[in-house]
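Grab a pencil and work through these exercises with the structure open beside you. Try each task before you read its solution.

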Amino acid sequence: MDFYRKIRKSLNRLTSSFERARAVSIFVTACSLLYHIAICAFFYAVNIKEMYYYNFFSISLFAVILLLTFRIKSYVILYNIALIEVIIHQVMADYFLGSYTSFHSFILLMGLLPFLVFENKKRYALPITIVTSILYIVYSCRNIEPHVNVNASTLFAVRCMNISITVFMIIFVVLIYTSVVNRIEYNLKNHSESLENEIKMAAVIQQSFFRQEVNDIKKYEVAYFSRPMVGVSGDLYDFYKTGEKLDGLGIFDVSGHGISSGLVTMLVKNIIHQEFYNQKDAELWEIVNSINDRVIEEKGEIQNYLTGVLVRLFENQIELVDAGHPAPILYKKSTGECKYVELGKKSVGVIGIAGFPVFYESMFYDFEDGDELILFSDGVVDIKNENEEYYGKDRLLEVVKVVIGRPAAEQVSFIANNIYSFCASREQNDDLTIIVLKK
């Protein structure tokens, strides 16, 4: 068990690019050192003094490189020093023993390793690979005869040794990276499953946090539909009630997607709710100003901002402030008119961006029996079908006109079904929220 635990620990360390580079560097340098010791003995045995003495220098060089490999943070300089030595060594070996011995295969090997050893400095790897590849091709195409008298069986043994060492080193490196890839895939799978469970839990908590009873409201009929792009939604909707009396409602869209935007919705929900009731005598634009200030202060360094529409209800009137959000649809039963609220330049700016100038203004509209207000997030009009066509504001307005006047729940269901019929198998690219308020 301890042995396998140590193996897993080593593989986990190799998921770092620097640790992989270090492992490959140590292995290649150690192999090069042992190889030069063995080949030094060989040249002594065959009485090639030039190569024998040169290998003393090579052994010393690779011993120093091996020691430095444990201490330094980048292997670019050391690798280039080793590469120059290898090229000189192989050229000299080819001269004395001939090209048949395949000493030049080490040049190709050294040209392939920089991409693995240079971790975050791979721009230096390509020139080395190009130069070494050219040298390898040149020496492979030449037939260099031996300049010393060595029997054929010895040359064959050297050839087999050189090719075997080259292949073995390549296989070793491939095995390292195969093991690393498998380990990373395993970790990613576990992390993905853990993250998926966390997202599901966060979605349950958020939905529980947002869930409100709207069937007991007097004088108004309310229905809503909300579906996140992922488990956690960046759309925020809220209803402000005093007992069975509906005081107002709001729809907001936090920038971004996923858990971060979902957490921001839970933060700003409390802020909006508190400010809505803390300033009952203030106009709604003043309340939105206070909301903006508090969101900037309380979210701190978090970069998310939000757009939104906040509505306050009076006896026969509504007060509405739009903060960079898509304009809602207003239906007047007395005239049969159904159109988007004309925002003009009444309000400028979103909520939650520090140092960004904003100007909010309240808009008042008569709101009598049979009138309706349809609010929605921009994910509704920005959703696309398989032909890359947007659902769009015009299509939404036409669909609303078809079902206007029906029960609010039926309207929401019809609109949502129409949206998903439009996009068919195309996945939604944003959170979707629709609210129908009918007096």
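**Exercise 1.** How do the residues of the lining of the largest cavity divide into nonpolar, polar and charged?

*Solution.* Keep in mind that you're looking at a predicted model.
- Step 1: get to know the space itself. The largest cavity holds about 140 Å³, and 14 residues line it.
- Step 2: find the middle. S25, T29, I65, Y79 and A82 are the lining residues that lie nearest the centre.
- Step 3: see which elements take part. Those giving two or more residues to this lining are α2 (17-45), α3 (49-69) and α4 (76-97).
- Step 4: sort by type. You should get 10 nonpolar residues, four polar ones and no charged ones.

**Exercise 2.** Which element gives the largest share of the lining of the second largest cavity?

*Solution.* Rolling a probe the size of a water molecule over the atoms is a way to show where empty space is left.
- Step 1: count the cavities. There are three of 30 Å³ or more, and the second largest has a volume of about 110 Å³.
- Step 2: look at its lining, which includes C31, S32, Y35 and H36, along with others such as F106 and M169.
- Step 3: match residues to elements. α2, α4, α5 (105-112) and α8 (152-210) each give two or more residues.
- Step 4: pick the winner. It's α2, with four residues.
- Step 5: sort by type again. Here the lining has eight nonpolar residues, three polar ones and no charged ones.

**Exercise 3.** At what angle do helix α9 and helix α10 pack?

*Solution.* Two packed helices are described by the angle between their axes and the distance between those axes.
- Step 1: locate the helices. α9 covers residues 259-278 and α10 covers residues 284-299.
- Step 2: read off the geometry. The angle is about 145°, and the axes are 9 Å apart.
- Step 3: check the handedness. α9 passes α10 in a right-handed crossing.
- Step 4: look at who meets whom. Among the α9 residues in the contact are L267, V268 and I271, while the α10 side includes L284, I287 and R294.
- Step 5: classify the contact residues. They come out as nine nonpolar, two polar and four charged.

**Exercise 4.** In what order do the strands run in the open sheet that has β2 and β8 as its edge strands?

*Solution.*
- Step 1: start at the edges. β2 (235-242) and β8 (363-366) each pair on one side only.
- Step 2: fill in the middle. The order of the five strands is β2-β3-β4-β5-β8, with antiparallel pairing.
- Step 3: zoom in on one pair. β5 (residues 317-323) and β8 are joined over four bridges, and E319 stands opposite F364 in β8.
- Step 4: add the helices. α9 packs on this sheet and touches β2, β3 (245-254) and β4 (306-313). α10 lies across β4 and β5, at about 145° to β4.

**Exercise 5.** Which strands are the edge strands of the sheet β1-β10-β9-β6-β7?

*Solution.*
- Step 1: note the pairing, which is antiparallel in this open sheet of five strands.
- Step 2: find the strands that pair on one side only. These are β1 (221-227) and β7 (337-340).
- Step 3: try an inner pair. β6 (residues 329-332) and β9 (residues 372-376) share three bridges, with Y331 partnered by E372 in β9.
- Step 4: place the helices. α12 (residues 392-403) touches β6, β7 and β9, whereas α13 (residues 408-423) touches β1, β9 and β10 (432-438).

Technical notes:
Residues are numbered from 1 along each chain as its sequence is written. This is a predicted model: local features need pLDDT of at least 70, side-chain atom pairs count only at pLDDT 80 or more; totals for chains, interfaces and linings use all residues. Side-chain values use heavy atoms; hydrogens and water are left out. Axes are lines fitted to C-alpha atoms, for helices over the stretch in contact, and angles run from 0 to 180 degrees between N-to-C directions. A crossing is left-handed if the near helix is turned anticlockwise from the far one by less than a right angle, and right-handed if clockwise. Contact means heavy atoms within 4.5 Å. Ala, Val, Leu, Ile, Met, Phe, Trp, Tyr, Cys and Pro count as nonpolar, Asp, Glu, Lys and Arg as charged, and the others, Gly among them, as polar. Two strands pair if DSSP finds at least two bridges between them. On a 1 Å grid over the protein atoms alone, a cavity is a set of points where a 1.4 Å probe fits but cannot get out, and a pocket is an open set with protein on both sides within 12 Å along at least five of seven lines; lining residues have an atom within 4 Å of a point. Grid points are joined across faces, edges and corners, and a volume is the space filled by probe spheres set on the points.
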